[in-house]
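Work through these exercises with the structure open beside you. Try each task before reading its solution.

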Protein chains: 2
Amino acid sequence: MTTDAFLADCRARLAFDLLSHTWNAVVLWALRDGPRRPVELREQIGGISSKVLTETLRRLQFNGLVERQAHGGAPPRVEYGLTALGRTLLEPIGAFGAWAFAHGDEVMAAQEAGSG
Amino acid sequence: MTTDAFLADCRARLAFDLLSHTWNAVVLWALRDGPRRPVELREQIGGISSKVLTETLRRLQFNGLVERQAHGGAPPRVEYGLTALGRTLLEPIGAFGAWAFAHGDEVMAAQEAGSG
DNA sequence: CAGGATCCTATTAGATACTG
DNA sequence: CAGTATCTAATAGGATCCTG
């Protein structure tokens with residue numbers, strides 16, 4: 001496939017849109033080991049507010065990547081887990097993680113060189 | 001590595017930050033076949049303004065992923081190409097592209113099901 | 001605990017016009 | 001053509017309070 005075709009394809013745009021939301025990939029990755037409750041996700045991820053986490057989960061749910069499971073009662077207990085489709089995204093996300101571990105220091109070095 | 005460690009690592013955050021800017025991955029991908037001039041990139045990508053393209057290129061340059069080469073004269077001729085570091089990112093980006101081609105239709109189906 | 005409703009701020013990108 | 005300046009609209013995200 002050509003670069004042009006790739007960029008023009010709406011599915012490719014879709015993939016980029018998924019990535020363009022800061023927390024999408026982070027939350028998906030945090031769910032890799034199985035369903036989690038919101039409070040657990042917040043602890044695990046760190047630095048994400050309740051509101052933003054909820055919005056992110058709704059977005060992922062809307063895109064068919066995450067499913068919500070409510071175990072009724074009080075206090076409420078809700079879990080979010082990856083769908084089959086969501087699990088297929090773990091591999092590409094993992095590829096980025098691997099890249100970050102391999103080359104992250106080079107990026108940081110470039111940043112310091114550029115700003116100093 | 002554990003999920004916690006992955007998420008806490010600043011290099012991982014870095015990777016996610018790279019992705020969180022809408023056009024970063026698109027522009028990197030558009031440069032995969034070799035250096036391009038800004039006007040060529042705009043045509044190839046489509047839907048990106050001169051200003052946003054310039055900002056994106058500066059950002060990528062700052063992160064050591066892209067390098068600028070000016071061939072002086074009038075009219076000015078400038079080319080942007082991937083650095084060695086930038087080229088290492090093509091593989092993970094390609095993984096996402098492949099995912100989009102394989103599963104993009106499922107995401108779109110989920111969106112329609114959710115909104116309808 | 002889950003998560004909705006508000007308010008507020010910083011950032012982004014798009015449009016346009018202009019300079020060298 | 002390359003790139004900047006300016007203005008504006010949209011949005012993400014943070015903080016906070018409140019409800020079931």
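**Exercise 1: The surface near the DNA**

Task: Find which element gives the most to the surface near DNA strand C, and where the other contributors lie.

Solution. Keep in mind that this is a predicted model.
Step 1. H5(A) gives the most to this surface, with 4 residues.
Step 2. Look for the elements that supply at least two residues each. In chain A these are H4, helix H5 (50-62) and strand S2 (77-82). In chain B they are helix H3 (22-30) and helix H5 (50-62).
Step 3. Sort the residues by class. The surface near DNA strand C has 8 nonpolar, 4 polar and 5 charged residues.

**Exercise 2: Single contacts to the DNA**

Task: Pick out the residues that come nearest to DNA strand C, then say which parts of the strand are touched.

Solution.
Step 1. There are 17 residues around DNA strand C. Those that come nearest are A:Arg68, A:Pro76, A:Tyr80, B:His21 and B:Lys51.
Step 2. Take A:Arg68. An N or O atom in its side chain is 2.4 Å from a phosphate oxygen of DNA strand C.
Step 3. Take A:Val39. Here a backbone N or O atom lies 3.2 Å from a phosphate oxygen of the strand.
Step 4. Take B:Lys51. Its side chain has an N or O atom 2.4 Å from a base oxygen of DNA strand C.
Step 5. Now turn to the strand's own atoms. Of those within 4 Å of the protein, 60% belong to sugar or phosphate, and the rest belong to bases.

**Exercise 3: Where the chains meet**

Task: Describe the contact between chain A and chain B by its residues, its area and its polar pairs.

Solution.
Step 1. Count the residues. Chain A brings 52 residues to the contact, and chain B brings 52 residues.
Step 2. Give the area. About 5,000 Å² is buried between the two chains, and carbon and sulfur atoms give 75% of that.
Step 3. Find the leading residues in chain A. A:Phe96, A:Trp99 and A:Phe101 lose the most area to chain B, together 15% of what that side buries.
Step 4. Check for charge pairs and polar pairs. The rule finds 0 salt bridges across the interface of chain A and chain B. The count of residue pairs in polar contact between the chains is 4.
Step 5. Locate the helices. Among those of chain A that each supply at least two residues to the side touching chain B are helix H1 (3-8), helix H2 (10-20) and helix H7 (90-115). H7(A) gives the most to that side, with 18 residues.
Step 6. Sort the side of chain A that touches chain B. Its residues divide into 30 nonpolar, 14 polar and 8 charged.

Note on methods: Residues numbered from 1 in each chain as written. Chains lettered and ligands numbered in written order. Predicted model: local features only at pLDDT ≥ 70, side-chain atom pairs only at ≥ 80, totals over all residues. Heavy atoms only, no water. Contact = heavy atoms within 4.5 Å. Buried area = accessible area lost by both parts, 1.4 Å probe. Salt bridge = Lys/Arg side-chain N within 4 Å of Asp/Glu carboxyl O. Polar contact = N/O pair within 3.5 Å; in protein donor to acceptor, adjacent residues only side chain to side chain. Nonpolar A, V, L, I, M, F, W, Y, C, P; charged D, E, K, R; others polar. Near = heavy atom within 4 Å.
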